[in-house]
Amino acid sequence: MKVQNYIKLEFPSLSANEAFARTAAAAFAAQLDPTLDELGDIKTAVSEAVTNSIVHAYPDCIGRISMKMRIIDENILEISVKDWGKGIENIEQAMTPLFTTGGEERSGMGFSIMGSFTDKLRVRSNPGKGTTVTMQRGLRSRRRGI
């Protein structure tokens with residue numbers, strides 16, 4: 001696995017920063033010359049991961065979110081979203097479609113959406129210490145024929 005490029009961002013868990021994270025992910029991915037559909041998928045997956053941190057990790061306070069992005073082996077975009085919030089008690093249950101701890105206004109589809117728009121999804125969490133969501137998406141560069 002060869003890392004071609006990377007970036008790390010850190011921001012407070014303010015809802016306004018969800019849009020920033022989406023835009024930053026799209027801008028970073030643009031160097032691979034993805035299609036508009038691929039960019040939309042990436043933005044949606046990032047939006048879900050960051051929103052989960054905002055809503056679930058820090059329900060009663062503003063906390064810290066880190067987003068790392070890297071390009072691996074010329075065409076794989078990897079995005080990790082990390083928080084230092086509440087953590088997830090039961091990851092398997094949390095990844096079940098329609099399960100939510102966020103009340104009636106939440107759909108419980110965040111992890112399902114992330115998984116459907118990426119090739120790989122990994123969730124690691126420690127209750128009381130935070131959660132890291134790592135997503136990978138292979139992109140076929142139109143420019144280089146990769």
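**Finding your way around this chain**

Colleague: What share of the area that the chain exposes comes from carbon and sulfur atoms?

Modeller: The chain exposes about 8,000 Å², going by the Shrake-Rupley method with a 1.4 Å probe, where for residues only the protein chains shown count as cover. Do bear in mind that this is a predicted model: local features need pLDDT of at least 70, side-chain atom pairs count only at pLDDT 80 or more, and totals for chains, interfaces and linings use all residues. Residues are numbered from 1 along each chain as its sequence is written, and side-chain values use heavy atoms, leaving out hydrogens and water. As for carbon and sulfur atoms, their part of the exposed area is 50%.

Colleague: In what order do the elements run from the N terminus?

Modeller: Helices (H or I, at least four residues) and strands (E, at least two) are DSSP runs, numbered from the N terminus. The chain has four helices and five strands. Reading from the N terminus on, you get β-α-α-β-β-α-α-β-β.

Colleague: Which strands are at the edges of the sheet?

Modeller: It's an open sheet of five strands, paired antiparallel in the order E1-E2-E3-E5-E4. Two strands pair if DSSP finds at least two bridges between them. An edge strand here pairs on one side only, and that goes for E1 and E4 (120-126).

Colleague: How many bridges join E3 to E5?

Modeller: These two strands run antiparallel. One of the links is at Ile76, whose bridge partner in E5 is Gly138. The number of bridges joining E3 to E5 is eight.

Colleague: At what angle does H2 run to E3?

Modeller: Axes are lines fitted to C-alpha atoms, for helices over the stretch in contact (heavy atoms within 4.5 Å), and angles run from 0 to 180 degrees between N-to-C directions. H1 packs on the sheet too, touching E1, E2 and E3, with its direction at about 170° to that of E1. H2 lies across E1, E2, E3 and E5, and its angle to E3 is about 15°.

Colleague: Which element gives the largest share of the largest nonpolar core?

Modeller: A nonpolar core is a set of buried Ala, Val, Leu, Ile, Met, Phe, Trp, Tyr and Cys residues joined through side-chain atoms within 4.5 Å. This one has 32 residues, and those touching the most other members are Ile42, Val46, Val50, Met67, Met69, Leu77 and Ile79. Elements that each supply at least two residues include strand E1 (3-12), helix H1 (16-29) and helix H4 (110-116). The largest share is eight residues, and it comes from H2.

Colleague: Is Ser13 buried or exposed?

Modeller: Ser13 lies in the loop between E1 and H1. Beyond residues up to four places away in sequence, Ser13 touches Ile54, Tyr58, Cys61, Ile62, Gly63 and Ile65. A polar atom of its side chain is 2.8 Å from the backbone nitrogen of Gly63. Buried means under 20% relative accessible area, exposed over 50% and partly exposed in between (1.4 Å probe, protein chains only), and because Ser13 has 3% relative accessibility, it counts as buried.

Colleague: What distance separates the C-alpha atoms of Gly85 and Pro127?

Modeller: Gly85 lies in the loop between E3 and helix H3 (91-94), and it counts as buried because its relative accessibility is 8%. Leaving out residues up to four places away in sequence, Gly85 touches Ala57, Tyr58, Gly128, Lys129 and Gly130. Pro127 is 42 residues away from Gly85 along the chain, yet their C-alpha atoms are separated by 8.3 Å.

Conventions:
Polar contact = N/O pair within 3.5 Å; in protein donor to acceptor, adjacent residues only side chain to side chain.
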